[in-house]
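Biologist: Before I take this model to the bench, I would like to know on what grounds its elements are described as they are. Could we go through it one term at a time?

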Amino acid sequence: MEQTMLAEQVLEWKGRRNAVILAHNYQEGRIQDVADFTGDSLKLAQFAVRTDAEVILFCGVHFMAETAAMLCPDRKVIVPDLAAGCSLADMIMPGQVRKWKQQHRDGVAVCYINTAAAVKAECDYCCTSANGEQVINAIPADKEILFVPDFYLGSYLKAKTGRNIELWKGYCPAHAVIDPAHIEKLQEQHPDAEFLMHPECGCLTKQMDLADKILSTDGMMKHVKESGSKRFIIATENGILYRMRKENPDKIFLPASEHATCSHMQQNTLEKVLRSLITLEYPVTVEPAIARRAILCIERMMEISQPKAEVVHGWLDPEPHPVRWGDPVLAAANDLS
Ligand code: SF4
């Protein structure tokens with residue numbers, strides 16, 4: 001089908017279904033163009049909570065849709081392709097966190113948002129690359145911390161906060177291919193370019209000094225817009241270059257690696273988006289027993305990372321009940337394991 005016609009059909013079905021389309025920054029340009037909102041994991045979750053649409057078509061990967069399904073239990077959350085998972089999220093299992101907590105009774109488990117709901121259910125806090133530092137700093141200083149699953153983001157947070165953090169050795173294959181030697185070459189060729197790096201990058205531990213800024217994907221979007229620089233080297237999944245170029249047509253964006261593409265994110269296509277809207281497939285749900293526990297660590301993150309008025313309430317209690325450190329609700333939930 002011709003591309004414009006395809007996009008028009010998507011918009012028509014979106015209206016018929018009273019749906020919103022949320023797209024992660026790494027999604028292909030055609031999907032970003034029909035999306036109601038494009039952003040990073042945190043911003044997408046925040047948008048999902050605010051929308052009153054009946055259907056949320058989530059174009060990203062599975063754990064992101066799970067998060068939306070947990071935060072919006074009264075909406076139908078669907079994804080274009082169930083095969084769009086996350087290699088990094090698959091590197092940690094719920095039982096592994098449970099075992100660490102049994103061995104560290106007073107320890108605090110923090111998970112990157114790139115985890116399955118069942119893993120979040122075992123953790124105390126969740127975080128994104130945008131708010132990881134804030135989350136770690138909100139934990140009492142005497143606590144031993146486990147950070148899962150991304151070793152590189154964890155290393156970055158450990159260096160930034162100086163905290164006692166045990167690091168899980170997971171990694172994202174799309175970020176791991178980014179090679180410091182190639183970046184150095186690009187910097188030599190383009191001495192005027194600013195170099196922006198995502199904290200999931202494998203070269204981060206060795207080459208932190210190389211980066212002008214270490215930022216989440218939304219942090220990068222904001223920075224390139226506000227910066228006076230005209231040229232940037234971008235070290236993250238290359239899908240973000242589409243949005244950068246579209247929103248900043250007068251600036252030049254160079255990928256730190258041509259190979260930094262996520263095979264999971266690429267599973268979603270505009271053709272599948274249309275099929276999803278027509279068939280309302282594939283729904284994503286989370287077992288209530290798991291969701292009740294997972295939502296606590298997400299709520300805690302959201303309370304730390306946004307103004308109070310926007311905190312997500314009401315999953316467990318009819319009365320608004322922001323969850324805080326030492327909260328008996330959280331303690332009770334963790335005892336369920
Ligand atoms: S880019 Fe990496 S962390 Fe992000 S969804 Fe793909 S595999 Fe997971």
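Biologist: Which residue of strand 11 stands opposite E194?

Modeller: Opposite E194, in strand 11, stands F232. Residue numbers start from 1 along each chain as its sequence is written. Please keep in mind that this is a predicted model, in which local features need pLDDT of at least 70 and side-chain atom pairs count only at pLDDT 80 or more, while totals for chains, interfaces and linings use all residues.

Biologist: What makes strand 9 and strand 11 a pair?

Modeller: Strands and helices are DSSP runs numbered from the N terminus (at least two residues of E for a strand, at least four of H or I for a helix), and two strands pair if DSSP finds at least two bridges between them. Strand 9 (residues 194-197) and strand 11 (residues 231-235) are joined by four bridges and run parallel, which means that they satisfy the definition of a pair.

Biologist: Why do strand 10 and strand 12 count as edges?

Modeller: The open sheet has four strands in the order 10-9-11-12, with parallel pairing. Strand 10 (213-214) and strand 12 (252-255) each have a single partner strand, so one side of each is left without a neighbour in the sheet.

Biologist: Which helices pack on this sheet, and which strands do they touch?

Modeller: Contact here requires C-beta atoms, placed from the backbone, within 7 Å. Helix 10 (residues 180-189) touches strand 9, strand 11 and strand 12, and its direction makes about 175° with that of strand 11. Helix 13 touches strand 11 and strand 12, at about 170° to the direction of strand 12.

Biologist: Why is helix 12 called roughly parallel to helix 13?

Modeller: The axes, which are lines fitted to C-alpha atoms over the stretch in contact, give angles from 0 to 180 degrees between N-to-C directions. Helix 12 (residues 217-226) and helix 13 (residues 240-247) have axes that come within 10 Å and cross at roughly 25°. Roughly parallel covers angles under 35 degrees (over 145 is roughly antiparallel, 65 to 115 roughly perpendicular and the rest oblique), and therefore the two helices are roughly parallel to each other. Helix 12 passes helix 13 in a right-handed crossing, the near helix being turned clockwise from the far one by less than a right angle (anticlockwise would be left-handed).

Biologist: Which residues make that contact, and how do they divide by class?

Modeller: From helix 12 come T217, M220, M221, V224 and K225, and from helix 13 come I240, R243, M244 and E247. Five of these are nonpolar, one is polar and three are charged, where Ala, Val, Leu, Ile, Met, Phe, Trp, Tyr, Cys and Pro count as nonpolar, Asp, Glu, Lys and Arg as charged, and the others, Gly among them, as polar.

Biologist: Why are helix 3 and helix 4 also called roughly parallel to each other?

Modeller: Helix 3 (residues 41-50) and helix 4 (residues 62-71) pack at about 30°, with their axes 9 Å apart, and they are therefore roughly parallel to each other. Their crossing is right-handed. S41, L44, A45, A48 and V49 of helix 3 contact M64, T67, A68 and L71 of helix 4, and these residues divide into seven nonpolar, two polar and no charged.

Biologist: What is the handedness of the crossing between helix 1 and helix 14?

Modeller: That crossing is left-handed. The axes of helix 1 and helix 14 come within 9 Å and cross at roughly 25°, which makes helix 1 roughly parallel to helix 14. L6, A7, Q9, V10, W13 and K14 in helix 1 meet L270, E271, V273, L274, L277 and I278 in helix 14, a contact of nine nonpolar, one polar and two charged residues.

Biologist: Where does the backbone have cis peptide bonds?

Modeller: The bond from V148 to P149 is cis, with omega near -15°, and P149 lies in the loop between strand 7 (145-148) and helix 8 (151-161). The bond from E281 to Y282 is cis as well, with omega near 5°, and Y282 is found in the loop between helix 14 (270-279) and helix 15 (288-305).

Biologist: Finally, which residues surround the ligand?

Modeller: The shell consists of V61, C86, S87, L88, N114, C172, A174, E237, C262, H264 and M265, a residue being near if its C-beta atom, placed from the backbone, lies within 6 Å. Seven of the shell residues are nonpolar, three polar and one charged.

Technical notes: Two residues are in contact if their C-beta atoms, placed from the backbone, lie within 7 Å.
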